[in-house]
Amino acid sequence: MIIDSTKLNGPCSCGREHSMVTKEAVIEAGCMEKIDLYTEKYGLTGRRAVVYDENTRHAKNLIRPTADQEIVLDPENLHANEIAVGMLREKLAPGIGYLVAVGSGTIHDTTRYCANELGIPFVSCPTAASVDGFCSTVSAMTWKGYKKTMPGVAPVFVLADIDVIREAPLYLALSGAGDIFGKYTALADWKIAHALTGEYFCPVIERMTRQAVEAVHSCCRGLKCGDPNAFEQLTYALILSGLAMQLMGNSRPASGCEHHISHLIEMGPAAFSFRSDALHGEKVGVGTILASGAYHRLAQLTDISSLVSGYAFPDEAVIRQFYGEKLAPSILEENSKDCMAGVTPDALIRAWPEIRKIILEIPTADSLSALYGEIGAKKTLSDIRVPEEALSDLLRFSPSARNRLTLMRTRWMLREE
């Protein structure tokens with residue numbers, strides 16, 4: 001399977017002109033053998049550095065590309081953060097012309113961040129279908145404890161070898177499925193923001209992302225038995241979602257309240273005595289179920305006129321107490337220009353009928369839980385090693401993790417009966 005993303009360039013029905021950095025994505029067995037063909041096709045020259053961690057370098061069926069420099073990072077406690085960036089930059093030889101990331105999310109985010117810093121291109125070679133960020137223009141980093149998007153660069157092309165991806169542990173593919181199922185609530189949040197404030201919305205990008213979700217929903221049951229088509233469709237969906245983010249210029253189509261729940265867990269605020277080492281997509285998948293339940297409960301409210309009050313971000317003292325002094329300054333800075341500024345009770349009341357229709361497009365929490373159970377994905381807070389009693393704090397504080405308009409953030413204006 002080949003995705004020619006250059007076809008997405010140019011004027012769009014949304015009124016904007018889209019531009020793609022990623023030229024092509026190849027999803028087929030043995031495609032890593034063709035890396036020299038594609039570097040020549042797309043004009044990549046100079047010395048090549050290939051970045052792995054110790055696990056991905058020894059992935060089964062992996063065809064390792066020739067390299068002027070191989071950089072192998074220690075996978076122990078490796079995360080996409082300032083520490084990993086420092087390790088990579090320290091090892092990187094001078095005069096490297098482009099980087100090749102061979103691995104999953106952490107290796108990709110770290111590599112794209114460094115490529116952007118150095119002003120050089122990079123190439124994506126996923127070894128597991130675990131996240132949708134392979135084609136992203138930004139790096140999803142935990143920077144000094146705070147989960148945030150940092151500057152990055154999209155890959156010039158992607159080579160996704162299905163022979164390698166199928167051999168990765170199943171839980172990585174299930175994490176990728178969880179990341180994709182998060183688009184149900186992410187797309188709803190985007191459409192709700194458009195209905196409520198007129199935020200920019202592109203139907204082409206929405207359809208691309210929806211297509212990714214539908215592809216995974218239809219194939220995910222084949223993952224447990226190693227069906228090659230299921231892994232191909234999942235990889236296709238993850239890359240398509242990344243291309244949609246690239247068209248958008250940010251993560252809006254792919255990241256909403258469900259990701260903010262995941263981010264909050266990952267940041268580990270002072271009020272949380274627990275730590276979860278679950279994968280990003282596992283946390284997003286569980287967050288999607290939690291968000292769906294909260295959203296469908298809101299949709300049962302036909303008349304909210306007596307339940308709405310003016311919008312207010314939590315008091316600074318509350319934020320400082322919940323997050324602690326290490327994280328609170330970053331949270332307060334992130335929300336200094338509040339995305340909900342100007343949203344009035346009247347505006348929410350007027351938009352409510354449309355918002356209720358959008359919520360009904362999201363599968364119910366019960367249906368998602370049943371699907372996760374069929375495929376063996378993690379579906380409860382306890383599955384991702386988060387105590388169930390943390391639920392109320394997750395729903396209440398997760399919107400503050402990112403300054404993005406979601407229904408979960410709008411929920412601060414509503415008193416639920």
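Three exercises with worked solutions follow.

The model is predicted: local features need pLDDT of at least 70, side-chain atom pairs count only at pLDDT 80 or more, and totals for chains, interfaces and linings use all residues. Residues are numbered from 1 along each chain as its sequence is written, and side-chain values use heavy atoms, with hydrogens and water left out.

**Exercise 1.** Determine what end-to-end span helix α9 should have, and describe its surroundings.

Solution. Helices are DSSP runs (H or I, at least four residues), numbered from the N terminus. The expected span is 1.5 Å times one less than the number of residues. For the 21 residues of α9 (residues 228-248) this gives 30 Å, and the end C-alpha atoms are 30 Å apart, in agreement. Next, 18 of the 21 residues are buried, so α9 is largely enclosed by the rest of the structure; buried means under 20% relative accessible area (1.4 Å probe, protein chains only). After the helix comes G249, with a positive phi near 90°.

**Exercise 2.** Count the disulfides and examine C12 and C219.

Solution. A disulfide is a pair of cysteine sulfur atoms within 2.5 Å. The count by this rule is zero. The closest cysteine sulfur to that of C12 belongs to C14, at 3.7 Å, too far for a bond. For C219, the nearest is that of C220, 6.2 Å away. C12 is buried at 16% relative accessibility, and C219 is buried at 7%.

**Exercise 3.** Place S136 and list its contacts.

Solution. S136 sits in the loop between β8 (122-126) and β9 (138-143); strands are DSSP runs of E, at least two residues. Its relative accessibility is 6%, so S136 counts as buried. Contact means heavy atoms within 4.5 Å. Leaving aside neighbours within four places in sequence, S136 contacts R112, V153, A154, P155 and G242.

Notes:
Buried < 20%, exposed > 50% of the residue type's maximum accessible area, 1.4 Å probe, protein only.
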